[in-house]
Amino acid sequence: MSTLITRRQLLKGGGTSIATITIASIFGFQLDSVRAAIPELRTKNIKPVPTICPYCGAGCGLVVYTNENAPADSPQVLSIQGDPDNPINRGGACPKGSALMNLREIYNSETGEQEINSQRIKKPRYRAPGSDKWVEKDWDWMLENIAERLKETRDKHFEHVDINGILVNRCEAIASLGGAALDNEECHLISKMNRALGITFFEHQARICHSSTVGGLAPTFGRGAMTNHFVDMQHTDCALIIGSNSAETHPITFKWLTEARDKRKAKIINVDPRFTRTSARADIYAPMRSGTDIAFIGGMINYILENKFYHEEYVRWYTNATFIVGESFGFDDGLFTGYDEATRSYDQSKWNYEMNADGTYKKDMSMEDPRCVLQLLKEHFSRYDIDTVCKITGTPRNKYMEVLDTYCATGAPDKVGTIMYAMGTTQHTVGVENVRSYAMLQLLLGNIGRAGGGVNALRGESNVQGSTDWAMLYHILPGYLNTPEAKKHPDYAAYNAVETPKTGYWKNKPKFLSSLLKCYWMEDHPAISYDYLPKRIDGKDYSHIALFEAMYQGELEGLFIWGSNPVVGGPNANKEQAALANLKWMVAVDLWQTETSEFWTYKAVERPTDRDEYGIKTPDEIETEVFFLPACNSYEKEGTITNSGRWMQYRWKACAPVGESRADLEIVNDLMSRVKKLYEGSTKPQDEPINRLTWEYGNNGHPDIDIIAREINGFTVVDGKPGPQVANFTKLMDDGTTACGNWVYSGCYPADQYLARKRDNKDVEHEGSKAIGSYLNWSWCWPVNRRIIYNRCSCTPEGLPWDANRASIWWNGEEWTGNDIPDFGKTTDPNGAGGRNAFIMRPEEVGCIFTKRNEGPFPEHYEPWESPQENLLNNQPFNPAITVWEPDKRGTIKDYPIVGTTYRCIEHWQAGAMTRMQPWLAELMPNCFVEMSEELAKEKGIGNGNEVIVSTTRGDMKALACVTKRFKPFLINGNYVHQIGMLWHFGFNGYASGEPANRLTPHIGDANTTIPEYKAWLCDVRRA
Amino acid sequence: MARMTNLYDVSKCTACRGCQVACKDWNQLPAVIEPFKGNYQTHEDTNGDTFTIVKFMEGEDPVDGVYWNFLKYQCMHCFDPACMSVCPQGAYSKTSWGATFHDPDKCIGCQYCTYACPFEIPKYRKREDKITKCTLCVDRVEEGLTPACARTCPTGALTFGDRDELLQIAEERVKFLRANGFPRATIYGKLELGGLNKLFVLTDTPDKFELPIDPKVPGQITFWQDWIQPYFGWLIPVALAGSAVSFVTTRILANKNGDHTEGGHE
Ligand code: SF4
Ligand code: SF4
Ligand code: SF4
C-alpha cells in the first residue's frame, strides 16, 4: 500500500492534522548575514506520518518524516520525532523512540552516509540440518516447505479423540512462541490459526513478564489490566514505584509524575534493591532486598489497620472486607487450611464465604465480626511489625517509616496514591501474591477507580496488553475465556455450565464464546465448532517453562517464533538453548538475526568457562531445520497496538519494507492459506478445524486490515456471511447469530470507522467540572472506551466524587455521567439495588481483599526458592504451592552467597534484538555490566570496569563490573547480605553484544501462572 | 531580537538521553561506539559526531546519602564566544537570537576554537577535516521549531524559549528547590563568562555537575585574540605549515592535557 493511500486514510480517520511545535514569540526576526549560511529545514513542507513507538507499553506517538521520492530499497527516512499531538507524550520521546530511524536506516560511522541498517534481513533464509550457514531462499519455497513440515508434524502427532473418548483435536508436538510486539490484527490471525491447528503449547512474552499481574488483579478487581493510564498519573498525590525502574523502563511516566509534582506537590517513593535513575528523581528512596515485597507491603497493611488509616467508607462498600468467611478457613505457620503436601496444593473449598439461606453473602457492615475479612486480615498481618519487616527486607527502619507515613496518608478520602510496578514485582515465585498485596493495599486506602490512583502494571512491550487480550497463551481464549480442558469441558454445554458464574458481568460469557466460535468457524453452529478447539489435558502445564522442559525432553517437533528471543530472554537460557536443538524444525519471524534464530551457530556455543550443565550442541550435531522469515518494522506496515493503559492506537505506514521483508499479517495469512490448500479435500474429521475455518481476508497476500478489524469488533452473521457490525459487546448473542474475534475489543469498529484511528486530542470536559485527561476522542480504549476502570469507586456510596477536583464520573440523579465512560450500569441508582457494587466483573461485585489463589486467600511472605535467609515469619522454605522442576539445581548460600537479580536499562529493550542492532542505542550502552557495591567489589578484589564471571548452578556469564555506591549490602536479620544485578539484554549479535544474563536464572515459577523467577536467586561473582 | 535559549533543569532530568539521540537524528550524526568503562556515561566527552552528551556523576553525602547527578552537556552559546574570537576564518558568528553558529564551509579544521573554548566544546571531525558542535538547531529555530533535544525531552527538564522568561522561571525554581531539600541549588549560565545562551537549574554547586565554578577563557587565548590574531591572522596558513607562530599554538596546546594534539577524538 502506498504512503499516499495511508495518508488519505489518516485524514479520513483522523480529523486533526499534525501540529508542529512552534514558538510564537520568535516569529518575525530579521534576516541577518548568518541566516544565509544556515541550512534549510530538512523536513520543510513534508507531512509526517504518525506511528506509535514499538518499544515499551506506554504507547507514545511518533511522527515519521519520509522522503517519498526515494526508491523503496534506499534510505527514505528524514527524521522520526515525538508526535506533538499524542496526549501521552506530547512530542517527547526517550532514546529508543528517538532512535526509531535506526530500525530501518543508519548513518555510516566511517563515511557519515545514510544507508539501510545492514542488520536488517532482506531475504528469507534457510538453515539445513547439520549446517553452519544460512542459504537465501525465495518466499514461495519457504512457505511451501513450512506448510508441509507443519502438516507432516500435525498429522503424525494429532489427537482427535483422547483415551476417554472425548473429542480433543489437539497437536502437542508444535509450539508457538511470541507476539507481544505484533499488531492486534496480527495477533488475532495467529491466535485463530494456532487454535485451528490444534496447538496447545501456545505461549508468548506475557507469560514471562506480566502473567502474575493478571493472576493477581483479576481475582481482586475482576480484570487483569492496568487500572489507570499514563496521562492520569498527573493527578496523583503520591506515587509508590516498587518493582519498577519506571524512569528507565517507562520513561514517559516521568513526564506525568513531574507534572504531578509541579502542580500537586506530589511525592514520589521508590522502593528498589538498587539506587536507579528512578531513585535519583524520587523524594524517598527505600532499599529492599529482592523477593521481599510481601513483607514490605504486609508491614504497610498492618500499619494501616493498626492505626485505622484505611478509607473506611470505601472499604465498607466497595470491598469484601465485610464478608464473613467460613469456619474451615484457618492459617498456621505459613500454611492455610486444606494443604496437601503430596500434591503441593490446597483444597480451596476450605476458604469459602458464609452464605445466607437466600444465596447472598453473609456480611457484617460494622466490620467487627472476628470472622469478617477485615478482622481476619488484621490478624493475618499482625505478625508483620516494623522490626520484623525491616529484618527481612533490609530496609533501614527510618526509611521504612518515611514510606509508611507518606504513602498511608493517601487513605484520606481526598487524597489519592498510585502504585506503579513492573517485573521487579511480577517475576517471582510469589509474583501473583506480590501483585495481590499491592491491590489489597490500594483497596484499603481507597485508591482504586480514582484519577491519580490505581494499581498500574506497567507493561513492557508495545502490544503485550493486546497480545494478552488475544490470548497468545495456553490457558485462555481471546477475551479471557479459559481454554477447554478435556474432562472438565468435554462439550459446549459442559463448558458453559462450568465456566459461567451466576453473578457479575461474566454471566454473559456464553455470548462471548459463541461469538468467538462463529468468528473462527462462521458456517458452523458453536455447539459443533466448540469441538474444533483444541482441548488440553486437564491440569497439564503448557506454560513457558513447561514448554521448554517438554522441548528439552524431545517432546516437541516444531516451533514457531514470532519476534521472541528465548536464548537471551528465557529463564535458564542454557537449558532453553539446548532444548531448541531437539526440534525437528523451527520457523523464526523477525527483523533481525536474533540469537534464537541462530542458536545453531558456532557463536552460540561460546561460554566463559567449560562448564556445561545442559549439553549445548555444536552446529554439526544439530539436526534442526531453521526457516527464517524477515518481517518488516512497525512503520513499514499498518495496524493497531494496545498500550498498557488499554488505548488501542493506529500506526500508519510511512516507508517501504526493507528488501523482501513482509508484515507478519501477510506472512500468517499466506501461510494459513497454504495450509488450508494442503488440507483441501480431506474428509477426515480431524481436519475439519482447518477445512471449516473461516479465512477470507482479501486477495493477493495483502490482507485488508479493515476486514480484520470488523471481525474483531464483531457483526451479525447473515446467511453464514458477515452482516452489519454490532455496536459493542452488549449486542453479542449466545445462539450463533453474532461473530466476534474478541469481545473486549467489541466497540472498536462499530459502524464505518475504526475508532483506533481517531486523532482528536481535545480533552472532554463535562460542564461544571475539570477535564481529567481522559481524551475520549483520541484512539479507542477497551472496555468500551473507559479510560479508568472501576470508576464507580471514584464516588461516595451516594454517587458524588470523593474529590471534585479530580472528578471522573458521578450520579446526576438520573444517570452516571462525567469525564469518563462509567464502568457501571449507566442508570443504576447508587441508592438502589446493586448501586454500590462497584466491581462489576467479580462474582462478588466488590473488590476482593480475600480471594482464592493457589497459595492462599491472603499473601504470606515466602523466601525465594534460592534465598540467603530463612523465613522469619514461618517455617516454609519457599512458596508451598510451586512446582519444583529441577530440585538438584537449587543453589545454597554455601556455594552461592550473593543474591542475584536481572534488570533493564532505558537504552535497551527486552532481549535486545530491537536495540542492540541499532547504532544510536548501542553507543549509549555498548556492553553488558554487573552492578555491585563497593564493599563487595573490595571483598572480591574487583575493580570498576573489570571483567567478571557470575555463576549459579545453571551456568556462568561474563560481563564488565560496574562498581557503584548505588548498591549497598543489606542488613538482614543482623547479617550483611550482598546483592548484585545485571542487564539481561545482551546476546552475541548486534552492534552491542555480550552474554545473556539468563544463563544464570532458574527454571522455577509462580504457583498460579508459572511466571519465572528472574529477580531473586543465588550466585557468586569473581574476576574473570 | 530577544535571545532564545534552552533552560535545563537537572532536578527534572532522568538522564534518559533521549536528547542525545534526537540530536543525532536531527543533525544526521553517526554513532560513535566506545566500550563501557564502569559508568553509564559511555562518552567521556562530546566528539565530532556527538554534539551533546549526558554526564553521570555519583557520590555520597554524609547527611543525604547517595546521589546521582546528571548533566546534559553541549555548547553553551556564550554571549561573547572565545571560539568566535580566535577563529582565523570567521567561521563563527552569532545569530540575532543568540546561537553561536559555526559555518562548516568556512572552517579549515585548524582547531584553534577547540583550545580556546572554556568548555572544550568544538570537536574535530576527521572525515571532513572540519570542526563540529551543537548548532542550537538553528535550522529548526529559524523555522519556528524548538531544538531537537528540547522537543524530545520527555520530562520537561529541557525547554526552549525566550531567555528572559526562562531566567525568571529558573529563579523561581531555584527558590523552590532551596526551600525543598536542596539548599545549594543555583542557576548556571546567567552571569558566567558574561552570560551563556544556555541556562541551567542545578540542585547543587556547579562542581557537583562537573561545571567550572568560574569559567575563564585561557590566558594565552586572550593574549592570542587581543594581540597576535589581529596582526598575524594572515600568517595562519603559514602557521598551519608549522612555522612562524607555531610557538604560540604549541603553548596553547601544552596548556591542555593530552589527546587533543591528535586532532580531537573520534
Ligand atoms: S561553549 Fe565554546 S564553542 Fe560554545 S559558544 Fe562558548 S566558546 Fe564557543
Ligand atoms: S540544540 Fe540541537 S544541536 Fe544542540 S544539542 Fe540540542 S539537538 Fe543537538
Ligand atoms: S531528554 Fe530530558 S530527561 Fe532525558 S536526558 Fe535529556 S534533558 Fe534529561
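This passage looks at a sheet in chain B, the surroundings of a ligand, and the enclosed cavities of a predicted model.

In chain B, four strands make up an open sheet, and reading across it gives the order β8-β1-β10-β9, with mixed pairing. The edges are taken by β8 (158–162) and β9 (186–188) of chain B; each has a single partner strand, so one side of each goes without a neighbour in the sheet. On average, neighbouring strands here are turned by 25 degrees against each other, direction ignored. Further in, strand β1 (residues 4–9) of chain B runs parallel to strand β10 (residues 198–202) of chain B, and four bridges join the two. Within this pair, B:Asn6 sits opposite B:Lys198 of β10(B). The sheet also has a helix lying across it: α6 (residues 163–179) of chain B covers β1, β8, β9 and β10 of chain B and runs at about 135 degrees to β8(B).

Turning to ligand 3, its surroundings come from chain B, with B:Tyr8, B:Val54 and the run B:Cys13, B:Thr14, B:Ala15, B:Cys16, B:Arg17, B:Gly18 and B:Cys19 joined by B:Cys153, B:Pro154 and B:Thr155. By character, this shell splits into eight nonpolar residues, three polar ones and one charged.

As for enclosed space, the model holds 17 cavities of 30 Å³ or more. The second largest has a volume of about 130 Å³. Its lining counts 14 residues, and those nearest the centre are A:Cys53, A:Cys56, A:Cys60, A:Cys94 and A:Pro251. Eleven residues of that lining are nonpolar, two are polar and one is charged.

Note on methods: Residues are numbered from 1 along each chain as its sequence is written. Chains are lettered from A and ligands numbered from 1 in the order in which they are written. This is a predicted model: local features need pLDDT of at least 70, side-chain atom pairs count only at pLDDT 80 or more; totals for chains, interfaces and linings use all residues. Side-chain values use heavy atoms; hydrogens and water are left out. Two strands pair if DSSP finds at least two bridges between them. Axes are lines fitted to C-alpha atoms, for helices over the stretch in contact, and angles run from 0 to 180 degrees between N-to-C directions. Contact means heavy atoms within 4.5 Å. A residue is near a molecule or strand if one of its heavy atoms lies within 4 Å of it. Ala, Val, Leu, Ile, Met, Phe, Trp, Tyr, Cys and Pro count as nonpolar, Asp, Glu, Lys and Arg as charged, and the others, Gly among them, as polar. On a 1 Å grid over the protein atoms alone, a cavity is a set of points where a 1.4 Å probe fits but cannot get out, and a pocket is an open set with protein on both sides within 12 Å along at least five of seven lines; lining residues have an atom within 4 Å of a point. Grid points are joined across faces, edges and corners, and a volume is the space filled by probe spheres set on the points.
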